[in-house]
Structures are given as C-alpha cells and as structure tokens.
Amino acid sequence: MAEPQGSQGAELVPPAGEEAAVPVVPQGLTLLNFFENENLSDCAVRLPSESEGGKELKCHRLLLCSCSGYFYRKFILEGVEANSVVDLPTLPEDRELRRQLDVHELMPMVLRYAYAGQKWEALDGLLTAENATGLYVFAALLEAEFLAKAAMEHLESSGLSPQTATRLLYMAMQLAGGEQAAEGEQAAEGEQAAG
C-alpha cells in the first residue's frame, strides 16, 4: 500500500504500474497537520525585517486567538478581518534585546506549540538555554499564558543561572522602558490635543 507523501498527507504515491491514487484523509489527523500548511489558513503573521516587508507565516486565526491574548485582541476585539496580515508587537530599538528575542526563531516555536495543542513536548530538540529565555519573554509579550508558564518552568527546572536571570532582567527592563515611553508619547499627544 502507498504511503502518504508530504506534510499534508493528502496525496499518495502509487505503486509502480498503477494510476495515481485518490487523495485520502491522513491518519492521526490533528491540528499539527496544519502547521506550516497553508490549507484553510485565514491570516498571516508578518515577521519584522531590516529591509522593506518581511517574511509572512500563514496561520489560522482560531488557533492564534486560542493561545494568545495579543492575537485575540487583534482579531476579536479590534476586528482585524480574515486573510489579513498582522504584525507582531513592536520591540524597542535595542540591538541586544532584538538578538535575544529573535522572532524569526521564536515565532515558529510559538506556532509549533500552539498547533501541537499547547504541549511543551512539541518543542523538544528546539530549545537551547538562550532561546528558552527569549521564548519566555516573547510568550509574555504575546500574552500566551500557558507557553510563558511552561517556558518559566523549563528555565527553573534546568537551573536558573545568574546569566539567565540577568538576561531576563535586561529584557524586562528594556520592554518596560519601551511601554513607558509609548505611554508617555500618548499622554503628550493627548495634552497637545487638549491644549
């Protein structure tokens, strides 16, 4: 019998001398079948880039909303429409922070976790001491509560080193400063409009 081909599992490679088989439903069908698969995708998340534009990851709004307060706010509360491209939260212009929060590495990890039913095991083999710290902070930025909790438990269980604690503190200070600066700008704009 022919085996499914590709990540979609919808096409079959026919045995030699036979006609092409009819597409079938893959066995063991889960949400993970739709990770990095554009079938039924109804949005894209744009990753920032130094040049114009940026890489877009095709996703499913329902999945993003089910695991992230940031995406819930975008799609449900702000009403971003289907087939839209959504940007990630803006990071402060800090080279070290952006190095530690490599969204090109972290966002696919967030998606893998989400598409795997929010199971930490889906990230086995992908985590390092450094990206686990970034994943925790990025999950907190995305308001992905279960992922942030799992990442912190991972950091604690692997022995929270002084270096890891320093990285966490640095990122927290930079991100808090960015939010405070944005709030200050909004307050200044409000005062100018009122005055």
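Reader: Why does Asn-83 count as exposed?

Author: Happy to explain! This is a predicted model, and in it Asn-83 has a relative accessibility of 60%. Exposed means over 50%, so Asn-83 counts as exposed. The residue is found in the loop between helix 2 (69-77) and strand 5 (84-87).

Reader: What is notable about the phi of Asn-83?

Author: Phi of Asn-83 is positive, near 65 degrees, although the residue is something other than glycine. Leu-40 is also not a glycine, and its phi is positive too, at about 65 degrees.

Reader: Is Leu-40 buried or exposed, and how do you know?

Author: Its relative accessibility is 69%. The cut-off for exposed is over 50%, so Leu-40 counts as exposed. You will find Leu-40 in the loop between strand 2 (11-12) and strand 3 (43-46).

Reader: What makes strand 3 and strand 5 a pair?

Author: Pairing takes at least two bridges. Strand 3 and strand 5 are joined by 4 bridges, so they pair, and they run parallel. Cys-43 stands opposite Ser-84 in strand 5.

Reader: Why are strand 4 (56-59) and strand 5 said to stand at the edges?

Author: The open sheet has 3 strands in the order 4-3-5, with mixed pairing. Strand 4 and strand 5 each have a single partner strand, so one side of each is left without a neighbour in the sheet. On average, neighbouring strands here are turned by 30 degrees against each other, direction ignored.

Reader: Which strands does helix 4 (residues 103-115) lie across?

Author: Helix 4 lies across strand 3 and strand 4, and runs at about 5 degrees to strand 4. Helix 2 lies across strand 3 and strand 5, at about 140 degrees to strand 5.

Terms used. Residues numbered from 1 in each chain as written. Predicted model: local features only at pLDDT ≥ 70, side-chain atom pairs only at ≥ 80, totals over all residues. Heavy atoms only, no water. Helix = DSSP H or I, 4+ residues; strand = E, 2+ residues; numbered from the N terminus. Buried < 20%, exposed > 50% of the residue type's maximum accessible area, 1.4 Å probe, protein only. Axes fitted to C-alpha atoms, helices over the stretch in contact; angles between N-to-C directions. Contact = heavy atoms within 4.5 Å.
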